[in-house]
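Reader: I am new to this structure. Please pick a single part of it and take me through that part closely, giving each term its cut-offs as it comes up.

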Amino acid sequence: MIKNKFKKLIIASALMSAPLMAASSEYLYDTYSLVGIEGGYSSLDVARSDTVTPASQKKYHLPEVGLKIGAQTEHYRVFLNARYYSNSDFDYMTTYGAEVQYMFNVASAANIYMGVGTGVANMRFLPAGEPNSRILSKPYFSGDIGTNIHITSNSDIELGARFMNMSATNTINNITYKFDNLITGYGSFIFKFHMD
């Protein structure tokens, strides 16, 4: 009987002390849910070739807005994102994807990050002087780098640059358009929500 009471006392003590031990663990760190609003300016290289004239290349400039949601630990951030790009030669251009970033905590007021991402780019391109629009839905791969400035404990401002490679082609009536690299400078306002 004493043996059973002793077992119950040990089990009860272990259960009651587990949360206290977890709270004081040196391996725990703050985790956050993230919601970000992004604005930026992009340039896209588009090459045109056909069977008659020499190949030509044009750079299109596209303002962009985006929304991203994610999570953050001490050194990592993960985002799901959606972005919309605007230009009169495009009926629409959107990207949907995911990215993971590693953060270097260089100061209490800011950190530096590097990341990689992937997703899908959708667009309808309207070439000047041609009757056919070009509709594409292609995967992309990206890399980004930037700095994250802590405004308050619950908000950050992010300034960065992103390189996105699409390597997407579209051919109609022997005229080919190749959509290559999208380079973006961007800023984001990040809202952080502490996760218990």
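Author: Two strands pair if DSSP finds at least two bridges between them; strands (E, at least two residues) and helices (H or I, at least four) are DSSP runs, numbered from the N terminus. This is a predicted model, in which local features need pLDDT of at least 70 and side-chain atom pairs count only at pLDDT 80 or more, while totals for chains, interfaces and linings use all residues. Residues are numbered from 1 along each chain as its sequence is written, and side-chain values use heavy atoms, with hydrogens and water left out.

The part to follow is strand β3, residues 76-85. The chain around this strand holds one helix and eight strands, in the order α-β-β-β-β-β-β-β-β along the sequence.

β3 has pairing partners in β2 and β4. With β2, β3 pairs in the antiparallel sense over nine bridges; a hairpin with three residues joins the two. One position to look for is Val65, which stands opposite Tyr84 of β3. With β4, β3 again runs antiparallel, and 10 bridges join the two strands. Their hairpin has four residues between the strands. Here Tyr76 has Tyr102 of β4 as its bridge partner.

Next, the side chains. In a regular strand the side chains alternate between the two faces of the sheet. β3 shows this alternation: Arg77, Phe79, Asn81, Arg83 and Tyr85 point to one face and are buried, where buried means under 20% relative accessible area, exposed over 50% and partly exposed in between (1.4 Å probe, protein chains only). Tyr76, Val78, Leu80, Ala82 and Tyr84 point to the other face and are not buried. In the chain of 196 residues, 35% are buried.

On the face that is not buried, Tyr76 and Val78 belong to a nonpolar surface patch of about 880 Å², together with Val100, Tyr102, Phe104, Val106, Ile112, Met114, Val116 and Ile145. Such a patch takes residues with over 30% relative accessible area and no salt bridge, joining nonpolar side chains (Val, Leu, Ile, Met, Phe, Trp, Tyr) within 5 Å. A salt bridge is a side-chain nitrogen of Lys or Arg within 4 Å of a carboxyl oxygen of Asp or Glu. β3, β4 and β5 each give the patch at least two residues. Val100, in strand β4, counts as partly exposed because its relative accessibility is 36%.

On the buried face, Tyr85 is touched by Leu182, and so are Leu44, Leu62, Met93 and Met166, among others, when residues up to four places away in sequence are not counted; contact means heavy atoms within 4.5 Å. Leu182 also figures in the largest nonpolar core, which has 19 residues: with Leu44, Leu62, Phe90, Met93, Met166 and Phe179, Leu182 is among those that touch the most other members. The elements giving two or more residues to this core are β1, β2, β4, β5, β6, β7 and β8, and β8 gives the most, with four. A nonpolar core is a set of buried Ala, Val, Leu, Ile, Met, Phe, Trp, Tyr and Cys residues joined through side-chain atoms within 4.5 Å.

How values were computed: Patch = residues over 30% accessible without salt bridge, like charges linked within 9 Å, V, L, I, M, F, W, Y side chains within 5 Å. Areas by Shrake-Rupley, 256 points an atom, 1.4 Å probe, with all protein chains shown as cover.
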